[in-house]
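User: I would like to learn how to read the features of a model like this one, step by step. Could we take the general idea each time and then turn to the case at hand?

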Amino acid sequence: MSAQRQSEEAITFNQTDGREEEEEEHAADQNSGFNLRSFLWHGGSVYDAWFSCASNQVAQVLLTLPYSFSQLGMLSGIIFQVFYGIMGSWTAYLISILYVEYRSRKEKENVSFKNHVIQWFEVLDGLLGPYWKAIGLAFNCTFLLFGSVIQLIGCASNIYYINDHLDKRTWTYIFGACCATTVFIPSFHNYRIWSFLGLGMTTYTAWYMTIASIVHGQVEGVKHSGPDKLVLYFTGATNILYTFGGHAVTVEIMHAMWKPQKFKYVYLFATLYVFTLTLPSATAVYWAFGDQLLTHSNAFSLLPRNKWRDAGVTLMLIHQFITFGFACTPLYFVWEKVIGMHDTKSICLRAIARLPVVIPIWFLAIIFPFFGPINSAVGALLVSFTVYIIPALAHMLTFKSAAARQNAAEKLPFFLPSWTGMYVVNAFIVVWVLVVGFGFGGWASMTNFIRQVDTFGLFAKCYQCPPKVSASPPPHH
């Protein structure tokens, strides 16, 4: 039996041991025939992972991509989407390889992960030591914290276009309370129905944006002047870097699978589907509205209000609730481990223990309500390291010795059967993202972000809200 096959069997066995009760319940459900609860609640297949990745990858950012196109121009917008989509798929592949390597090594030590969800910083710790664990934990948690903040800001921004009787800050208070209910979802294993519905919602919204823009046609005197300024150009590019950097939860999604070694190409296929949503919608909206998008970071603000748009807003609100859960669940796990509640079986006790995680997210969403610019800032300063630079460096360091390469749990990919080629690709990603993403992108996005603070101020009550025109009294005769 080959080492590859032994590794796969070992990981599959250990993964089952890690969720003993869930697997027993799943088996019991299957033996008793169709069970609705199991069908909706227990998801660990490759298809569940694909739905989770595709649903999580594009949420509120779908509404800001036309804004990025107005900063980049049509051609650069399309090129950066394809480029960063492929790059993101590659680093997600690296993360999956490192996870399998970590599980393989731990299995040889007879380590049990019963009632324990493995996370990215633990993989780094096991493969590279405590310093890498600290780096991974800091970047990953900060990114997921602000990723949750962005979803909450997106909720308030979207609902305002249906009901403007309340300002966006008040809506943030309301949706913060609603999103706090995600504390009751135990793990990614239980997101099956939510992932499926979430992807359907973004699919509807993307094609609504595309069709509505084409039907609307170009606004009078439309201009497409991008790329016009260097600051805006790199801000837009960094928002796209953020778009395809949603794999900060890759390890948690893999751990929820019954056979995690099958994850390798899931993210790539998810990205290919996401392209069918992001490219047509961003292109069509930018074609129709042009430079108006420079001051309208949310595409809903320009599309004509009707029942189709309101349906899109409503669906995106629900989806952002789901994505909030995706971003926040790894933070829940970290907090549970810190306070010693991670192995608690009671869902209610774990939910109560998780609540303190939501409070800083709520607070930050009220301080920085800058829908659009905050995406680019998070992309440059956090996503660049969390899901691009650190996985590429970690892969190179994990397999730097000849012995590590020879005993690797996973073979090299069929399309790049060379360790030299792997190192060249990884080194290119590190240098590119460090210079273009973090360097130029960080400068541009922070310049733009500070401009928003200077213009609207912290704790802005209603960011980019049009001024309300009061009805004038009828003339007296």
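User: How many aromatic pairs does the structure hold?

Analyst: Two rings are taken as a pair if their centres lie within 6.5 Å. In this model, which is predicted, the structure holds 28 aromatic pairs. The rings of Phe143 and Tyr242 serve as a worked case: their centres are 6.4 Å apart and their planes stand at 90°, so the pair is edge-to-face. This pair links distant parts of the chain, since Phe143 belongs to helix 8 (residues 130-159) and Tyr242 to helix 11, with the two positions 99 residues apart in sequence.

User: Are Phe143 and Tyr242 buried or exposed?

Analyst: A residue is called buried when its relative accessible area is under 20%. Phe143 has 6% relative accessibility and therefore counts as buried, and Tyr242, with a relative accessible area of 9%, is buried too.

User: What is the geometry of the rings of Phe385 and Phe438?

Analyst: The ring centres of Phe385 and Phe438 are 5.0 Å apart and the planes are at 75°, so this pair is edge-to-face. Phe385 lies in helix 16 (residues 373-398) and Phe438 in helix 18, so the pair ties together parts that are 53 residues apart in sequence. As for accessibility, Phe385 counts as buried at 16%, whereas Phe438 counts as partly exposed at 33%.

User: Which residues form one aromatic cluster?

Analyst: One aromatic cluster is formed by Phe80, Phe83, Tyr84, Tyr233, Phe234, Phe428, Trp432 and Phe440.

User: Phe438 was partly exposed; which residues form a nonpolar patch on the surface?

Analyst: Phe438 is one of the residues of a nonpolar surface patch, together with Leu230, Leu381, Val431, Leu434, Val435, Phe440 and Trp443, and their accessible area together is about 700 Å². Helix 18 (residues 419-456) supplies the largest share of this patch, six residues. Leu230, by contrast, lies in helix 11 (residues 230-243), and its relative accessible area of 54% makes it exposed.

User: Let us turn to charged side chains. How many salt bridges are there?

Analyst: A salt bridge requires a side-chain nitrogen of Lys or Arg within 4 Å of a carboxyl oxygen of Asp or Glu, and by this rule the count comes to nine. In the bridge between Lys106 and Glu109, the closest N and O atoms are 3.8 Å apart, and Glu109 counts as exposed at 51% relative accessibility. Lys337 forms a salt bridge with Glu122, where the closest N and O atoms are 3.1 Å apart. That pair connects distant parts of the chain, with Lys337 in helix 14 (residues 307-339) and Glu122 in helix 7 (residues 120-128), 215 residues apart. Here Lys337 is partly exposed at 23% relative accessibility, while Glu122 is buried at 14%.

User: Which salt bridge does Arg354 make, and is Arg354 buried or exposed?

Analyst: The side chain of Arg354 meets that of Glu336 in a salt bridge, at 2.6 Å from N to O. Arg354 sits in helix 15 (residues 347-367) and Glu336 in helix 14, 18 residues apart, so that the pair links distant parts of the chain. Arg354 is buried, and Glu336 is buried as well. Elsewhere, Arg305, Arg309 and Asp310 are linked in a network of salt bridges.

User: How should I read the surroundings of a single residue, for instance Ser213 or Ser418?

Analyst: Ser213 is placed in helix 10 (residues 192-216) and is buried, with a relative accessible area of 0%. Setting aside neighbours within four places in sequence, Ser213 is in contact with Ala284, Val285, Trp287, Ala288, Phe289 and Leu303. Ser418 lies in the loop between helix 17 (402-406) and helix 18, and it is partly exposed, with a relative accessible area of 30%. The side chain of Ser418 reaches the backbone nitrogen of Thr420 at 3.3 Å.

User: What is the secondary structure of the protein chain, and how much of the chain counts as buried?

Analyst: The protein chain comes to 18 helices and zero strands, and 58% of its 477 residues count as buried. Of the contacts between residues at least 6 apart in sequence, 86% join residues at least 24 apart. The chain exposes about 19,500 Å², of which carbon and sulfur atoms supply 68%.

Technical notes:
Residues numbered from 1 in each chain as written. Predicted model: local features only at pLDDT ≥ 70, side-chain atom pairs only at ≥ 80, totals over all residues. Heavy atoms only, no water. Patch = residues over 30% accessible without salt bridge, like charges linked within 9 Å, V, L, I, M, F, W, Y side chains within 5 Å. Areas by Shrake-Rupley, 256 points an atom, 1.4 Å probe, with all protein chains shown as cover. Helix = DSSP H or I, 4+ residues; strand = E, 2+ residues; numbered from the N terminus. Buried < 20%, exposed > 50% of the residue type's maximum accessible area, 1.4 Å probe, protein only. Phe/Tyr/Trp six-rings, centres within 6.5 Å; stacked < 30°, edge-to-face > 60°. Contact = heavy atoms within 4.5 Å. Polar contact = N/O pair within 3.5 Å; in protein donor to acceptor, adjacent residues only side chain to side chain.
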